[in-house]
Amino acid sequence: MLQMSVSKYLKIFLAAVFFPLAVLAYISPGKPTGLVNDYAKLLQSSEVAILDQKLSDYEKQTGNEISIVIVQALNGETAQNVANNLFNEWGIGKKNKDNGILVLIVKNGQVGNRMRVELGYGIQGYVTGAEAGRILDEAGGHVQLVGTS
């Protein structure tokens, strides 16, 4: 009888610990439609097309893939978690080279959680994590997203 009670309490405890994590779990926006995916409708379709073409040209010249993703909000997640999940889910960069860059922009993100750059290990010769961080820091004072204050 004691074992049954302990087992029952253990199940309740585990459910209480892991249920909130499931509620706040990453939600995929779906498959990418190109190198620029604007789920927040921040850009005009002509701007998306121009950016997509420039990124495609860059990929042809260097072999490195850059993907830009714009979302409305993070739904309780961090930009780091969303960017990391998207990077892995979409397989950004060449599989055997891991040479991708993901730029995540959050339209309604809070200060410090509006942008994230995720780098593949193979891109480190082109851009390091420290350089990506410095770029975001410098851009932070100059970037104002439409609809944010």
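In this predicted model, a good place to begin is S67, which sits in strand β2, the stretch that covers residues 65–71. Is S67 buried or exposed? With a relative accessible area of 2%, S67 counts as buried, because the word is used for residues under 20% relative accessible area. Which residues, then, does S67 touch, once its neighbours within four places in sequence are left aside? Its contacts are with L35, N37, W90, I92, I101, L102 and V103. With one of these residues there is also a link through the backbone, since the side chain of S67 reaches the backbone oxygen of L35 at 3.3 Å.

From this one residue we can step back to the whole chain, which contains 4 helices and 4 strands. Following the sequence from start to end, the reader meets these elements in the pattern α-β-α-β-α-β-β-α. Of the 149 residues in the protein chain, 30% are buried, and S67 is one of the buried residues. If we consider the contacts between residues at least 6 apart in sequence, 60% of them join residues that are at least 24 apart. The accessible surface of the chain amounts to about 9,900 Å², and carbon and sulfur atoms account for 58% of that surface.

Among the helices, α2 can be followed in some detail, for it runs over residues 45–62 and so has 18 residues. From its first C-alpha to its last, helix α2 reaches 26 Å, which is close to the 26 Å expected at 1.5 Å a residue. After α2 comes G63, a residue whose phi is positive, near 85°.

The backbone angle phi deserves a further look, because most residues other than glycine have a negative phi. Where in the chain does N75 lie, a residue with a positive phi although it is not a glycine? N75 is found in the loop between β2 and α3, the latter being residues 79–90, and its phi is about 55°. The relative accessible area of N75 is 59%, and N75 is therefore described as exposed, the word being kept for values over 50%.

D98 also has a positive phi without being a glycine, in this case of about 50°. The loop that holds D98 lies between α3 and β3, with β3 covering residues 100–106. D98 is partly exposed, because its relative accessible area is 25%, a value that falls between the limits of 20% for buried and 50% for exposed.

Definitions and conventions:
Residues numbered from 1 in each chain as written. Predicted model: local features only at pLDDT ≥ 70, side-chain atom pairs only at ≥ 80, totals over all residues. Heavy atoms only, no water. Helix = DSSP H or I, 4+ residues; strand = E, 2+ residues; numbered from the N terminus. Buried < 20%, exposed > 50% of the residue type's maximum accessible area, 1.4 Å probe, protein only. Polar contact = N/O pair within 3.5 Å; in protein donor to acceptor, adjacent residues only side chain to side chain. Contact = heavy atoms within 4.5 Å. Areas by Shrake-Rupley, 256 points an atom, 1.4 Å probe, with all protein chains shown as cover. Expected span 1.5 Å × (residues − 1).
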